[in-house]
Structure formats: C-alpha cells, structure tokens
Amino acid sequence: MIYVKSGAEAIDGFYVKEYPQFDNKKHWCSDIFGPRYSHAKAPGPQALMVDMEPAEVVRPHFHGTAQFQLFPAGSGAIGRKNEPIQSLMVQFKDHHTAYGPLVAGPNGLTFISLRVFTGASAPVYLDDPQLREKLKPSKRRNWLSPRLELSTVSILRHRAEPAWEPLWDPATIDDEMNAQLLRLGAGQTVAGPDPSRAAGYYVFVVNGSLVHGGQDLGTWSMVVVEPTEAAFNIIAGERGLEALVLEFPKDYE
C-alpha cells in the first residue's frame with residue numbers, strides 16, 4: 001500500500017500536549033500516521049511531528065522499532081557531547097538503541113519521527129527499572145547526518161538531470177538501510193527504489209514539490225511505499241523537487 005500526507009495537513013494537525021517528564025514544557029504534536037506511540041505490531045506506518053519549546057529537554061531513551069528522525073526547523077543539541085543540530089539534518093537509529101538527551105535551542109526545535117511499520121515504539125527511558133528486560137540485540141546504529149544544503153528556487157527548477165546523494169557512505173552499510181537526498185528539476189521523473197529491496201521507504205519533500213495521484217505535494221509532505229508495492233515513480237512538480245528517500249532495514253524491530 002502507499003500512504004500519503006501533505007505537509008499542510010501535518011502542520012494543521014498540531015495540538016498542545018504537556019509532558020511533566022520534559023521539565024513541564026509543552027510539546028506541539030502532530031500525529032501524521034498511526035498512533036502516537038504503540039506497544040505492539042499493527043498495520044501501516046507510524047509518523048509524528050513535534051515542535052519543542054526553547055530549552056526543552058527530552059531525556060535519553062530508546063524505541064523498539066527502527067526510525068529515521070528529521071530536524072527540518074530550529075536548532076538544538078543531542079547526546080552527551082551536545083552535538084549541534086541544525087536544519088536540515090537526519091538521524092537514523094536502529095531499534096533498541098538509546099539516544100539523547102535532545103535539547104531544543106533558543107528558537108525551538110522541530111523533529112519528525114518516521115517508522116515504516118507500527119510496532120513497539122513507546123519510548124523506554126534509561127531510568128526504567130525494567131530496562132534490561134526490554135532491551136534486545138540490534139546493530140546499535142545512532143547516526144546523525146551532516147547538515148544538508150538545499151537548492152535555490154532557480155537552480156532547483158532548472159536542474160538538468162536527476163542527482164542522488166547518499167547521506168552516509170554506502171560502504172559503511174551492510175544491510176538494506178539507505179538514505180539519499182534526491183534532486184530533480186521541474187517535471188523530471190525517476191524510478192524510486194525497488195520497494196521489495198528493503199522494509200519499505202519514505203519519500204519526504206524538503207524543497208519544491210512531489211506530484212502524486214493528482215496532488216502537488218509541497219514541503220514536508222511525505223509518501224510511504226510499503227514493500228508489497230511493485231514500483232513507485234518519483235515525479236517533480238513545476239518548481240522541481242528535493243526529497244529524502246529513506247529505506248528501512250528488514251531488521252526494523
């Protein structure tokens with residue numbers, strides 16, 4: 001199946017949720033696909049977006065499912081070394097792999113968590129007394145990409161040919177996980193990855209627009225292609241397209 005959500009719909013879905021465990025700060029939340037958190041496997045993808053308040057801290061934790069996490073707006077820091085976060089950066093994290101703390105900068109921080117299937121995604125904090133029982137073996141990758149530079153309006157629209165740019169060195173990846181930034185000029189079309197190669201993938205619009213099903217999907221729109229699909233074509237709108245194409249490993253939980 002193919003799932004589609006426009007960026008406008010995702011942003012319009014924001015609601016306020018207070019988390020006492022996050023220093024009594026407010027989360028602005030948007031539940032894009034599936035439930036916000038889950039404890040068991042269910043059909044369909046799971047995606048959520050959060051706007052953090054300035055100086056808000058999310059404590060170290062892990063999830064039972066692999067995820068890509070995007071940082072498309074604001075700034076902050078992550079991890080014990082306070083590694084800086086700027087827009088646009090991408091994180092990949094294997095299932096049962098701890099990360100954090102995540103700290104929002106002075107103008108807030110947006111993160112978007114993408115999971116290809118709904119599973120045991122509820123956060124497990126590192127002070128959980130049952131932490132050891134909840135851990136499972138995994139590759140333990142917790143990778144943060146370099147900051148990605150996007151094209152100007154004119155350069156993107158008039159791009160002569162498609163370009164695929166890997167976020168991490170393919171030589172360091174020994175499974176199906178793959179993350180690329182795709183750049184297309186106005187109206188260009190390319191075949192997306194073979195859906196059956198991995199556990200499925202997201203196409204996430206970061207600049208320009210994606211044409212699908214008669215819709216012109218703008219910034220922060222996303223399409224999920226499940227591995228049961230035969231093929232998927234990625235089509236740029238009249239302003240061109242820059243999109244993250246994020247393939248999940250088959251060992252995603």
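Leu114 is buried in this predicted model, with a relative accessible area of 0%. You'll find Leu114 in strand S10. So what does Leu114 touch, once its neighbours within four places in sequence are left aside? The list includes Gln46 and Ala47, then Ala66, Gln67, Phe68 and Leu70, and further along the chain Tyr202, Met222, Leu246 and Phe248. Pro45 is worth a look too: Leu114 and Pro45 sit 69 residues apart in sequence, but their C-alpha atoms are 8.0 Å apart in space.

Let's zoom out for a moment. The protein chain has three helices and 19 strands. Its radius of gyration is 18 Å, close to the 18 Å that the globule rule gives for 253 residues, so the chain is as compact as a globular protein of that length. If you lay the C-alpha trace along its principal axes, it spans about 55 × 40 × 35 Å.

How much of the chain is buried? Buried residues make up 54% of the 253 residues. Now take the contacts between residues at least 6 apart in sequence: 75% of these join residues at least 24 apart. As for the outside, the chain exposes about 11200 Å², and carbon and sulfur atoms supply 51% of that. There are 24 positive and 29 negative charges, and the mean positions of the two sets are 5 Å apart.

Back to single residues. Here are four of them side by side:

| Residue | Relative accessible area | Class |
|---|---|---|
| Leu114 | 0% | buried |
| Thr118 | 3% | buried |
| Asn207 | 18% | buried |
| Pro54 | 37% | partly exposed |

Thr118 belongs to the loop between strand S10 (102-115) and strand S11 (124-125). Is Thr118 buried or exposed? Thr118 is buried, because its relative accessible area of 3% is under the 20% cut-off. Leaving aside neighbours within four places in sequence, Thr118 is in contact with Pro35, Ser38, Ala40, Lys41, Ala42, Pro43, Gly44, Pro45 and Gln46. With Pro45 there's a polar detail as well: the backbone oxygen of Pro45 lies 3.4 Å from a polar atom of the Thr118 side chain. Remember that Pro45 also came up with Leu114, at 8.0 Å from C-alpha to C-alpha.

Next up is Asn207, in strand S16 (residues 201-212). At 18% relative accessible area, Asn207 still counts as buried, because the cut-off is 20%. Which side chain does the side chain of Asn207 join in a polar contact? That partner is Glu242, at 2.8 Å. The Asn207 side chain also has a polar atom 3.0 Å from the backbone oxygen of Ser151. Apart from neighbours within four places in sequence, the residues in contact with Asn207 are Leu150, Ser151, Leu156, Thr219, Gly240, Leu241 and Glu242.

Last comes Pro54, placed in the loop between strand S4 (46-52) and strand S5 (57-58). Pro54 counts as partly exposed, at 37% relative accessibility. How far apart are Pro54 and Asn107, in sequence and in space? They are 53 residues apart along the chain and 5.6 Å apart in space, C-alpha to C-alpha. Asn107 is also one of the residues that Pro54 touches, not counting residues up to four places away in sequence; the others are Lys25, Ala104, Gly105, Pro106 and Gly108.

Note on methods: Residues numbered from 1 in each chain as written. Predicted model: local features only at pLDDT ≥ 70, side-chain atom pairs only at ≥ 80, totals over all residues. Heavy atoms only, no water. Helix = DSSP H or I, 4+ residues; strand = E, 2+ residues; numbered from the N terminus. Rg over C-alpha atoms; globule rule 2.2 N^0.38 Å. Buried < 20%, exposed > 50% of the residue type's maximum accessible area, 1.4 Å probe, protein only. Contact = heavy atoms within 4.5 Å. Areas by Shrake-Rupley, 256 points an atom, 1.4 Å probe, with all protein chains shown as cover. Lys, Arg positive; Asp, Glu negative; His and termini not counted. Charge placed at Lys NZ, Arg CZ, Asp CG, Glu CD. Polar contact = N/O pair within 3.5 Å; in protein donor to acceptor, adjacent residues only side chain to side chain.
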